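Subject: The model we talked about

Hello,

Here is the structure I promised to pass on, with my notes below it. Have a look at it first, and then read on for what turned up.

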Amino acid sequence: MASERRRRLSDYCGFAFQISLLLIFGNHTLAELRYSIPEEMKEGTLVGNVAKDLGLDKTSLIDRRFRVVSGSKDAFFEVNPDNGALQIRKKIDREELCQGGGVCLIELKILVENPLEMHHIVVEITDVNDHSPSFPEKEQQFQIAEHASPGTRFQLHTAHDPDAGINSIRTYTLTSNDHFEIETSQSDEDKIPFLVLKKPLDREKNDKHLIFVTAVDGGKPQRSGTLNVSIIILDSNDNRPMFSQDTYQIEIYENVPVGSAVTTVSAIDPDEGPNGEIEYSLSKTLARKVYELFDLNSLSGQIKLKGVLDFEESEIYKLDVEASDKGTPPLTGGCRVIIKMKDVNDNPPEIEVTSLSNTVSEDSKPGTVISLISVTDKDSGVNGKIISSIANEVPFELKPSYKENIYSVVTKGFLDREEVSHYEITIKAIDCGEPPLSTLKTLNIQILDVNDNSPQFSQNPLQFYLSENNVAGASIFSVSATDKDVNENAVISYHTVRGRSENDITSFLNINSETGQISALKSFDFETLKTFQFQVVASDSGTPSLSSNVTVNVFILDQNDNAPVILYPVSSNGSAEGVEEIPRNVNAGHLVTKVRAYDADIGYNGWLLFSLQQVTDHSLFGLDRYTGQIRTLRSFTETDEAEHKLLILVKDNGNVSLSATATVVVKLVEPKEAFAASDVKSSVKDEEGTDVTFYLMITLGSVSVLFLISIIVLIAMQCSKTTDYTSKYLQETNYDGTLCHSIQYRSGEKRYMLVGPRMSIGSTIVPGSHANTLVLPDRRRGSGEVRH
């Protein structure tokens with residue numbers, strides 16, 4: 001206990017020097033206040049105004065959570081957050097709190113937040129004279145031989161007063177008598193009273209003396225305690241045992257095994273026989289703990305350890321040993337055995353988290369404080385020296401405070417929640433003992449999200465294919481973006497960018513702001529619109545909001561929704577019918593006429609095939625299924641009829657084929673009549689065919705204009721976009737009389753071309769494919785090789 005007091009005094013002496021250094025060098029100086037109050041004060045008694053002494057704003061104490069944080073289970077003090085006053089929460093008994101006569105101090109930690117500060121307060125508890133001296137026993141008896149020499153000393157029970165300083169025991173007094181007086185001997189902090197014989201005894205005159213010993217303390221008013229001493233006068237044994245030393249001082253380690261010998265005391269008695277036989281015993285006035293820890297052999301005087309020692313519980317033990325002979329009356333001698341503990345490193349450091357912010361924003365700057373910790377070790381000396389560090393690789397570090405073993409946990413780098421959203425900070429405290437002991441403490445820190453990531457689309461631009469004649473109002477496709485942030489910062493809404501032109505296609509589109517589902521408010525027609533483009537913007541719900549956009553390219557896919565249109569023969573009254581006159585003397589293979597038709601669809605949907613449905617004589621006429629040409633199969637004979645009717649069916653190649661029919665009437669005439677009829681026919685046509693020609697010109701002009709516009713649009717798309725689309729359309733004007741389409745498209749590594757009735761020169765038919773599907777040379781390769 002003495003060494004502990006000296007260590008505390010040295011700490012307090014260095015206190016003022018530490019404060020002065022903080023005032024000079026500290027950026028955020030934390031103060032240490034000192035107050036002094038007497039013990040036994042009532043609850044609610046004001047100790048001091050901490051907020052005023054620390055210079056804190058009283059109006060902000062509640063918001064800053066002004067409070068006392070202490071590791072002690074019994075909190076003796078509390079602060080009033082309204083006025084910053086430090087008050088007594090529980091009555092303090094100095095003798096219960098601090099045993100002994102040293103300075104009794106209580107250290108408090110005052111914590112305020114926003115910004116986070118911790119202040120240290122030392123409260124000294126001064127003693128009041130609230131205890132009277134008391135003896136361990138009310139009575140003490142002595143048996144004294146009558147021939148005892150004047151000056152013989154008899155040790156009295158030592159009184160105990162829990163008070164300290166001037167309030168402790170000051171004197172012992174004895175009731176007035178003729179034979180005895182009292183003397184005191186100072187041993188460490190205790191005054192040991194002795195009864196001294198000042199005049200020889202005479203048993204025959206008085207064989208018993210009753211006196212009162214009074215212990216008086218130095219308080220004001222004084223307090224006292226009384227011991228009844230009875231002295232029986234005996235005859236004979238005139239020598240008492242004497243120890244070789246008045247005081248034995250022993251040092252042992254606290255981890256000495258139970259049963260080990262501590263020391264051996266020895267006393268001698270010059271008497272002979274029973275008067276010289278000595279028995280040893282421990283004084284009956286020792287603390288109970290002493291009897292639990294130590295055992296004294298009554299014959300040998302050996303002291304053994306019978307309990308487990310703990311330096312942190314007590315650093316020193318004082319044993320009063322008595323040696324009595326077996327004389328009549330027995331004489332007794334005494335000595336004191338002082339056993340001092342030597343510390344071993346048997347206590348690991350303790351880590352106390354005094355304040356912790358479980359969350360930290362990912363945009364926090366390096367140096368942001370998230371926690372305050374204090375580290376303690378019950379061991380002393382080098383065993384109590386602690387080295388603290390963060391054991392794992394995290395973007396946090398420990399910064400020491402002005403006071404030893406007080407640290408703050410701060411960020412040492414920039415945080416990114418999208419990379420790591422949670423940290424476990426392992427704090428390791430290791431002492432300097434041998435072997436060293438360590439303790440780990442884990443802090444769980446959650447990283448709070450800030451809106452630092454904009455929504456992202458998986459690719460840009462996006463491509464969608466939409467079949468024409470879609471249902472108006474139905475969903476056609478959807479867009480989706482992702483945001484690495486969480487919660488509100490990751491809630492995405494969508495909207496389209498409206499164009500400024502009157503024909504802006506986005507006016508016919510509607511997008512669900514939550515799901516990104518896009519629906520069309522109109523039905524698209526491939527023959528009118530083949531492709532369009534618009535932009536979608538994805539915005540998150542953070543503050544401020546972040547956004548990104550994506551370009552959406554939509555390609556309209558053709559459907560077989562247009563039936564073939566017969567251009568020749570010219571339709572009238574809902575049916576196409578024409579009359580052709582040919583000389584009877586024509587040879588086989590003569591071109592009678594050509595049926596011309598047009599289909600607004602493209603690809604297979606626009607590829608027309610011609611077939612004869614009805615004919616009067618199958619041996620006379622043949623129809624080319626691709627070109628629509630009608631030719632004679634043989635020469636005419638005299639027996640052949642003069643008029644033949646041919647019904648031609650024109651159908652496209654769609655999945656659900658659409659068709660139209662035309663009727664051609666072939667008349668056989670003599671050669672001279674044919675020429676005459678030709679002249680008459682020409683004149684009739686000049687007179688009656690004006691209207692038909694007019695409508696035919698309008699039809700052909702419209703088709704030509706649409707065809708040229710389609711070519712221009714497709715060429716522009718081909719030039720402005722890459723050649724890696726899954727399908728690209730390039731129209732060609734390779735006609736052979738019949739207005740049929742041919743298209744080129746790419747699928748994977750092959751480039752195909754769909755042609756009409758006649759194949760282009762140099763084209764190659766792909767084995768196993770459709771008869772009118774050709775593989776074209778890939779013009780992108782300089783070597784001219786065909787890609788298969």
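Glutamate 107 has valine 122 of strand S7 as its bridge partner. The two strands concerned are S6 (residues 105–112) and S7 (residues 117–126), which pair in the antiparallel sense over eight bridges. Please keep in mind throughout that this is a predicted model.

S6 and S7 belong to an open sheet of four strands with mixed pairing, in the order S1-S7-S6-S3. Strand S1 (32–38) and strand S3 (67–69) each have a single partner strand, so one side of each is left without a neighbour in the sheet. On average, neighbouring strands here are turned by 35° against each other, direction ignored.

There is also a side-chain link in this sheet. Glutamate 124 and arginine 34 form a salt bridge, with 3.9 Å between the closest N and O atoms. Glutamate 124 sits in strand S7 and arginine 34 in strand S1, so to speak of distant parts of the chain is fair: the two are 90 residues apart. Both ends are partly exposed, glutamate 124 at 23% relative accessibility and arginine 34 at 44%.

A second open sheet is worth a look as well. Its four strands follow the order S8-S14-S13-S10, and the pairing is again mixed. Strand S8 (139–145) and strand S10 (169–174) are the edge strands, each pairing on one side only. The average turn between neighbouring strands of this sheet is 25°, direction ignored. S10 and strand S13 (residues 208–217) run antiparallel and are joined by five bridges. If you want a residue pair to find your way by, threonine 171 has valine 216 in S13 as its bridge partner.

Now for the whole chain. Its secondary structure comes to seven helices and 55 strands. Of the 788 residues, 43% are buried. The accessible surface is about 42,200 Å², and carbon and sulfur atoms account for 50% of that. If we take contacts between residues at least 6 apart in sequence, 64% of them join residues at least 24 apart.

Next, the interior. In soluble globular proteins, nonpolar side chains tend to be buried together. Which residues have the most contacts inside the largest nonpolar core? They are Phe243, Val265, Phe294, Leu319, Val337 and Ile339, in a core of 27 residues. The elements that give two or more residues to this core include helix H5 (288–293), strand S22 (316–325) and strand S23 (332–342). A second, separate core has 26 residues, among them Leu466, Leu509, Ala520 and Phe534. Back in the largest core, isoleucine 339 is a good place to start looking around: leaving aside residues up to four places away in sequence, isoleucine 339 touches Ile250, Ile252, Val262, Phe294, Glu315, Ile316, Tyr317 and Leu319.

Strands S22 and S23 come up again among the salt bridges, of which the count is 18. Arginine 336 pairs with aspartate 320, the closest N and O atoms being 2.9 Å apart. Arginine 336 lies in strand S23 and aspartate 320 in strand S22, so this pair ties together parts that are 16 residues apart in sequence. Are these two charged residues buried or exposed? Arginine 336 has a relative accessible area of 10% and aspartate 320 one of 14%; buried means under 20%, so both count as buried.

Another salt bridge joins glutamate 418 and arginine 417, at 3.1 Å from N to O. Here glutamate 418 is partly exposed, with a relative accessible area of 22%, whereas arginine 417 is buried at 11%. There is a network too, in which Arg65, Arg67 and Glu113 are linked by salt bridges.

One last spot to visit is valine 615, in strand S46 (residues 609–615). Valine 615 is buried, with a relative accessible area of 13%. Not counting residues up to four places away in sequence, valine 615 touches Phe621, Lys645 and Leu646. The C-alpha atoms of valine 615 and valine 664 are 9.7 Å apart, with their positions 49 residues apart along the chain.

Happy to talk it over whenever suits you.

Best wishes

Terms used. Residues numbered from 1 in each chain as written. Predicted model: local features only at pLDDT ≥ 70, side-chain atom pairs only at ≥ 80, totals over all residues. Heavy atoms only, no water. Buried < 20%, exposed > 50% of the residue type's maximum accessible area, 1.4 Å probe, protein only. Contact = heavy atoms within 4.5 Å. Areas by Shrake-Rupley, 256 points an atom, 1.4 Å probe, with all protein chains shown as cover. Pairing = 2+ DSSP bridges. Axes fitted to C-alpha atoms, helices over the stretch in contact; angles between N-to-C directions. Core = buried A, V, L, I, M, F, W, Y, C linked by side-chain atoms within 4.5 Å. Salt bridge = Lys/Arg side-chain N within 4 Å of Asp/Glu carboxyl O.
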